[in-house]
Amino acid sequence: MKGNELPPWAVRLRQERTRRLWSQKATAIRLRDAADTQTRGSLPDVESIQRYVRAYEAGRHIPGDLYAELYCRAFGLTREALFGPSSAQRPGGPPGEGAIPAEQDAASLMAWLAASNTSDDAIGHLDEARAALAESHTRLSPGPVLGSVSRMHGQVQELLHGGRQRSRQARELFRIDAELLAHASLLLDDIHHDASARAHGRAAALCAEEAGSSPALAFSAQAKTARWEGARLGQQAGGEHFRRSADLARRGFEHSARSSVGVLLANQEASAAALLGDASRARRALRDAQEAASCLPAEDSGFSVWSCPRPRQALYALSVAIRLRDADAALRAAEMADSGWASGDPWLYGVWSLIRIGAGTAHVMKNDLDAAADQLDAVITLDPPFRIATITGYLADMDSLLRQRRFARDTQARGLREQIRAFTAAACPAAPAAPAGQEDH
């Protein structure tokens, strides 16, 4: 650039303004009007923007990102049309040489940073609502909870897609969405939507990676889905899925050993290992769960779907014992759960139902059908919306024992099987049951 020759972008800005018969003040007003409501609140007054316009047209410095975008909106032109492909470089200067930073550049940057389509308080409220939904999972039927989780996921995605946030805000939104997606995966498993559950679990892991947060919840959801897939195939054919479930749970545990979800993940590994027939791994994982639980702070309410209070830990121990055909150990685990509830541990309908059915299964293993009937009677009137896949799966396991040859002529066994059939048929939504080992409530 020679002498007082202006850079092309400065000439173009003035030409576009004068072509529209706008004064510099009118241009400043239109630049403000081009901003969205939230961004407009962070901009300076019209007189200050008018000074920026004068400086831009004089070529003293090029508009920063915020004002370049406002110019594009006000003039209805692309950035390349207004500023050219090399607008950040002073024409005729050496490569990399830019205009001298001015006060307006710093002001523009601050306004751009402040321009967000959300706020820290709004993100905090979203996180609180996410945590509340994780607790409602253990008290409500899956349908309404899934609807709420899906709506909140949509809200988070709208924020991420519909505007811009500060980097830390975007990371928080991705973390919240990762946890919502993992929660949705659990709920989808409960209502037999396996493919969708699998996809949501993968999406949860990707969002956690984007957020730079722990992927433990995503691993927990994926471990549950893999275990369900194995159960659908049956004990022998499902081996690879059980192994994958155990490995996913172990990876999650390594990310969160000293947390409530870490206790849950260790128990999930134990359950999958028992289904796989690996008794030593199952028992080792149960010990890891007990050790992790002993280190937990007391503030965990125990009501979250990601919590693992004593009755839920007892349920996993019961499940492992049944898979290892140790009926006495299963009944001891049921007694441990009952003792926990008697001492004030949180009561969750899903865990309680599975403990009762698991204890009934252990009694069937011991040929005590009277005791099994007492346990079944306790849950047989559960309302259809609460008859989730985990519960019908446990009942399917009991039914498979009642089908054994030793009960072929036993009228009580036939009566129990009829109760199980009617209970499962009335489940909402009704779907084929899977074998037990799915103790995620």
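**Charged side chains and their pairing**

In this predicted model, a network of salt bridges links D127, R130, E172, R175 and E179. Within this network, R175 pairs with E179, the closest N and O atoms of the two side chains being 3.2 Å apart. Both residues belong to helix α10, which spans residues 167-190, and because they lie four residues apart in that helix, about one helical turn separates them. R175 and E179 are both buried. In total, the count of salt bridges in the model comes to 27.

A second group of contacts is centred on E69. The side chain of E69 meets that of R73 in a salt bridge with an N to O distance of 3.0 Å, and since the two residues are four apart in helix α5 (residues 65-75), they too are separated by about one helical turn. E69 also forms a salt bridge with R79, for which the closest N and O atoms are 3.9 Å apart. This pair links distant parts of the chain, with E69 in helix α5 and R79 in helix α6 (residues 79-83), 10 residues apart. The residues concerned are partly exposed, with a relative accessible area of 28% for E69, 45% for R73 and 34% for R79.

Charged residues also occur in a surface patch. D368, D370, D374 and D377 form a patch of negative character. Of these residues, D368 lies in the loop between α18 (349-365) and α19 (369-379), and because its relative accessibility is 33%, D368 counts as partly exposed.

Note on methods: Residues are numbered from 1 along each chain as its sequence is written. This is a predicted model: local features need pLDDT of at least 70, side-chain atom pairs count only at pLDDT 80 or more; totals for chains, interfaces and linings use all residues. Side-chain values use heavy atoms; hydrogens and water are left out. Patches are made of residues with over 30% relative accessible area and no salt bridge: like charges are joined within 9 Å, nonpolar side chains (Val, Leu, Ile, Met, Phe, Trp, Tyr) within 5 Å. Accessible areas come from the Shrake-Rupley method with a 1.4 Å probe; for residues, only the protein chains shown count as cover. A salt bridge is a side-chain nitrogen of Lys or Arg within 4 Å of a carboxyl oxygen of Asp or Glu. Lys and Arg count as positive and Asp and Glu as negative; His and the chain ends are not counted. The place of a charge is taken as NZ of Lys, CZ of Arg, CG of Asp or CD of Glu. Buried means under 20% relative accessible area, exposed over 50%, partly exposed in between (1.4 Å probe, protein chains only).
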